[in-house]
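Thank you all for making the time this morning. I would like to walk through one structure with you, and I will ask you to keep it on the screen while I talk.

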Amino acid sequence: MKYLVKFIVVTFFVLICTYSQAEQKAVYIDMKYVLNNCKAGKAVQDYLAKTFKDNQKKFLSIEKNLKEEETNLLAKKNDLSKEDYMKETDALRKKVMDYQTSRRVAVENIAQQRSDARKKLLDGITPILETYTKENGISLVIDKKNLVMGDSDLDITKLVIEKLNIALPSIKLN
């Protein structure tokens with residue numbers, strides 16, 4: 001028992017005496033703001049929005065034409081023979097399926113382009129953050145969405161946007 005008390009006392013003193021003060025610097029960044037407001041991010045958003053609108057117009061006109069064909073076919077139902085009517089309905093069904101396929105492909109294409117652009121932006125941001133953390137002795141970078149409260153002096157969002165605009169002024173999409 002005597003040795004146990006000595007061990008606890010010695011351990012306690014060793015722990016207190018070896019207290020070291022380690023300072024870790026942490027900063028935060030609003031990644032969503034960076035991705036949406038850098039030059040390349042804005043250009044990509046504008047391009048994708050324009051592409052989406054153009055596709056919407058094109059698909060609305062195709063859809064309108066398909067509906068007109070359907071009403072015309074229904075109007076001619078009594079005038080056509082059963083075989084001709086079946087051929088025309090099959091042709092119309094095929095057009096509708098092609099329309100749906102092309103619409104789905106267009107939406108998937110836009111989603112893929114958005115994903116590729118995001119990846120390219122993040123690949124451009126990573127080296128900027130690495131050099132900034134090394135130069136300033138920062139050990140932790142936190143996304144603002146995961147932060148409850150922080151000093152505005154620790155926000156490096158605008159700095160990263162400035163450096164990203166220089167390093168990656170535009171993104172080429174396929």
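Let me start with the largest pocket, where helix H4 gives the most to the lining, contributing five residues. Please keep in mind throughout that what you see is a predicted model. The space in this pocket comes to about 320 Å³. Of the 15 residues that line the pocket, those closest to its centre are Leu35, Asn36, Gln45, Arg114 and Arg118. The elements that each give two or more residues to this lining are helix H2, which covers 31-37, together with H3 and H4. If we sort the lining by class, we find six nonpolar residues, four polar ones and five charged ones.

With the pocket in view, let me step back to the protein around it. The protein has 174 residues, of which 24% count as buried. It holds five helices and two strands, and read from the N terminus on, these elements follow the order α-β-α-α-α-β-α. As for how parts of the sequence come together, among contacts between residues at least 6 apart in sequence, 87% join residues that are at least 24 apart.

I turn next to the charged side chains. In general, side chains of opposite charge can pair when their charged atoms come close. In this model the count comes to eight salt bridges, and I will go through some of them.

In the salt bridge between Lys50 and Asp54, the closest N and O atoms are 3.2 Å apart. Where do Lys50 and Asp54 sit relative to one another? Both belong to helix H3, residues 39-75, and because they are four residues apart there, about one helical turn separates them. Lys50 counts as exposed, at 52% relative accessibility, whereas Asp54 is partly exposed, with a relative accessible area of 36%.

Further along helix H3, the side chains of Lys67 and Glu63 meet in a salt bridge, at 3.8 Å from N to O. Here too the two residues are four apart in the helix, which is about one turn. Glu63 is partly exposed, its relative accessible area being 27%. This pair does not stand alone, for Glu63, Lys67 and Arg103 are linked in a network of salt bridges.

Helix H4, which we met at the pocket, spans residues 82-136. Within it, Asp123 forms a salt bridge with Lys119, and their closest N and O atoms are 3.1 Å apart. Because Asp123 and Lys119 are four residues apart in this helix, they are separated by about one helical turn. Asp123 is partly exposed at 45% relative accessibility, while Lys119, at 52%, counts as exposed.

I would like to finish with Asn165, which is found in helix H5, residues 157-167. Is Asn165 buried or exposed? With a relative accessible area of 17%, Asn165 is buried, because the cut-off for that class is under 20%. Leaving aside residues up to four places away in sequence, Asn165 touches Cys38 and Lys39. With Lys39 there is also a specific approach, in which the side chain of Asn165 reaches the backbone nitrogen of Lys39 at 2.7 Å.

That is where I will stop, and I am happy to go back to any of these places on the screen.

Note on methods. Residues numbered from 1 in each chain as written. Predicted model: local features only at pLDDT ≥ 70, side-chain atom pairs only at ≥ 80, totals over all residues. Heavy atoms only, no water. Salt bridge = Lys/Arg side-chain N within 4 Å of Asp/Glu carboxyl O. Buried < 20%, exposed > 50% of the residue type's maximum accessible area, 1.4 Å probe, protein only. 1 Å grid on protein atoms, 1.4 Å probe; cavity = no way out; pocket = protein on both sides within 12 Å on 5 of 7 lines; lining within 4 Å. Points joined across faces, edges and corners; volume = space filled by probe spheres on them. Nonpolar A, V, L, I, M, F, W, Y, C, P; charged D, E, K, R; others polar. Polar contact = N/O pair within 3.5 Å; in protein donor to acceptor, adjacent residues only side chain to side chain. Contact = heavy atoms within 4.5 Å.
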